[in-house]
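Open the model in your viewer and keep the selection box at hand. We will go stop by stop, with something to select at each one.

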Amino acid sequence: MSLTGTPFLYTTIVLSVVALILPLVLWSRMRGPKAVRAAARVLMLLFAQATAVTLIFVLVNNENSLYDNWADLLGTGNHVQQAANLGQDGTGGIALKQLPKVRQTFTAADGPGMRAAGGVEVTQLKGRVSGVNAEVYVWLPPQYHEPKYKNHRFPVVELLPGYPGSAKAWFGSLKVTEQLEPLMKSGKVAPFILVAPRTNLLAGVDTGCANIPGTVNADSWLSIDVPKMVTDNFRAAAAPANWSVAGYSAGAHCAVKLAVAHPDRYRAAVSLSGYNDPIGERNSLAAQSVALREQNNPYLLLRKAAAPPRIALYMSGESGDGYQAGVALEQIAKAPTTVHVVFLPRSAGGHNMALWRPQVPEVFEWLTVNMGQSHVRAGTTPPEPSSAGSTHAALASGTASRAGAVRKR
């Protein structure tokens, strides 16, 4: 039975109701020795508590898409077949343009939000460069099947969840397709292909979207294998100007890091409550040494870049949870790099889906403009929440605090 499936949810609800009724009906009707009656009553109470805790966990998990399946929850999943040393560019010397096309088999995806707005498709992808074997979810915009778009190649946005987090989270918890479909039909948002690859590749740890020889090549999985699969199987534009990546929490860190590290692969990145220093996620493999932290810190990568990359960054967050990371990047960015920072007051919510979900329309309007998919001049921004009263904190290092890391999901 699927961890996130409706049958399991209904089963936990029924068991919780039964566990509540049992003591009410049987408490005074117990027969037998006193010790047996006491033991039976204790068991009924424990059963009631266990089912209540399970139900709460299922509801929270379904709302926040923390664990996709039993393997993720129990820490038994491993999606890394090999992790060769792929070098600084993450290609391992492979001529990517010479790789033959591989046609994937796609099926309708199950789970909350996966059938909305035309439905999401899923495939099992064996990364030819990264050595990762994992699922990738794809949603096609409403225009994709229209006759007048039959020769059109669409821009793409990769969607990354936090840690722990499911690749389904953007479709389920954040309702991205339900929110964007009407905006795409009206022309307010460009018809993006949405791609959500698995990022939880190893049991019990966050990969930090890093390449770590002998352990995992998460960077190459996200920035090479997944885009290659998408352009092989869909009418997706291959040029970097048509690719962007968005994430929340740990996925926000990954999004910005990928764009800064690979301006030859991405034009824009969106960070919702992210951080720069990988130590912002205490379970990140990229935070295990000073060298790895420096190699995967977008602040340091941007500061040390030989030339400012042609990328646009959207950074939103509350004070102490994403805002300072954006300000740090804004302070060192030089043209053609642009950084757009949105301050969110504490009253907007916390480090959760309720804060990120309402930002989806605004984020995609910004992507539409800054990826050249709108008649509006690139570099301008759509209306945003007011930043009145906010101050730029001087966190020049771009390092997230450990206090903020405790809340990362």
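## The whole chain

Start with everything shown. Of the contacts in the protein chain with a separation of 6 or more, 73% are between residues 24 or more positions apart. Keep in mind that this is a predicted model. Colour by secondary structure next. The protein chain has 13 helices and 11 strands. Then switch to a surface view. Of the 409 residues in the protein chain, 54% are buried.

## The sheet

Select the strands of the open sheet. There are 9 of them, in the order S1-S2-S3-S5-S4-S8-S9-S10-S11, and their pairing is mixed. Which strands lie at the edges? They are S1 and strand S11 (338-343), and each pairs on one side only.

Stay at the S1 end. Strand S2 covers residues 121-126, runs antiparallel to S1 and is joined to S1 by 2 bridges. Select threonine 107 and look across to S2: valine 122 stands opposite.

Now add helix H6, residues 218-233. H6 packs on the sheet. Its contacts are with S2, strand S3 (133-139), strand S4 (156-160), S5 and S8. Compare directions: H6 makes about 55 degrees with S3.

## Rings

Show the aromatic side chains. The structure holds 9 aromatic pairs. Pick phenylalanine 106 and phenylalanine 234. Their rings meet edge-to-face, with 5.1 Å centre to centre and 70 degrees between the planes. How many residues separate the two along the chain? The answer is 128, so zoom out to find both places. Phenylalanine 106 is in the loop between helix H3 (70-74) and strand S1 (107-108). Phenylalanine 234 is in the loop between H6 and strand S8 (243-248). Are they buried or exposed? Both phenylalanine 106 and phenylalanine 234 are buried.

Move on to tyrosine 248 and tryptophan 356. This aromatic pair is stacked: the centres are 4.7 Å apart and the planes differ by 25 degrees. Tyrosine 248 belongs to strand S8 and tryptophan 356 to helix H11 (residues 353-356), so the pair ties together parts that are 108 residues apart in sequence. Tyrosine 248 has 2% relative accessibility and counts as buried. Tryptophan 356 is buried too, with a relative accessible area of 2%.

Return to phenylalanine 106 and widen the selection. Ring pairs join Phe106, Tyr144, Tyr149, Phe154 and Phe234 in a cluster. Add arginine 235 to the view. Its charged end sits over the ring of tyrosine 144, 4.2 Å from the ring centre.

## The disulfide

Select the sulfur atoms of cysteine 209 and cysteine 254. They are 2.1 Å apart, and the two residues form a disulfide. A search of the whole structure finds 1 disulfide. A disulfide is a covalent bond between the sulfur atoms of two cysteines.

Which hand does this disulfide have? The torsion about the S-S bond of cysteine 209 and cysteine 254 is about 100 degrees, so the disulfide is right-handed. Trace each end back to the chain. Cysteine 209 lies in the loop between strand S5 (193-197) and strand S6 (211-212), and cysteine 254 lies in helix H7 (residues 250-261), so the pair ties together parts that are 45 residues apart in sequence. Cysteine 209 and cysteine 254 are both buried.

## Backbone details

Hide the side chains and follow the backbone. Go to tyrosine 163 and proline 164: a cis peptide bond joins them, with omega about -15 degrees. Proline 164 is in the loop between S4 and helix H4 (169-172).

Next, select alanine 335 and proline 336. The peptide bond between them is cis, and omega is near 10 degrees. Proline 336 sits in the loop between helix H10 (323-332) and S11.

Two stops on phi remain. Alanine 117 is not a glycine, yet its phi is positive, at about 50 degrees. Find alanine 117 in the loop between S1 and S2. Its relative accessibility is 17%, so alanine 117 counts as buried.

Finish at lysine 175. Its phi is near 50 degrees, a positive value in a residue other than glycine. Lysine 175 is found in the loop between H4 and helix H5 (176-186). Is lysine 175 buried or partly exposed? At 35% relative accessibility, lysine 175 counts as partly exposed.

Terms used:
Residues numbered from 1 in each chain as written. Predicted model: local features only at pLDDT ≥ 70, side-chain atom pairs only at ≥ 80, totals over all residues. Heavy atoms only, no water. Phe/Tyr/Trp six-rings, centres within 6.5 Å; stacked < 30°, edge-to-face > 60°. Helix = DSSP H or I, 4+ residues; strand = E, 2+ residues; numbered from the N terminus. Buried < 20%, exposed > 50% of the residue type's maximum accessible area, 1.4 Å probe, protein only. Lys NZ or Arg CZ within 6 Å of the ring centre and 35° of its normal. Disulfide = S-S within 2.5 Å. Pairing = 2+ DSSP bridges. Contact = heavy atoms within 4.5 Å. Axes fitted to C-alpha atoms, helices over the stretch in contact; angles between N-to-C directions.
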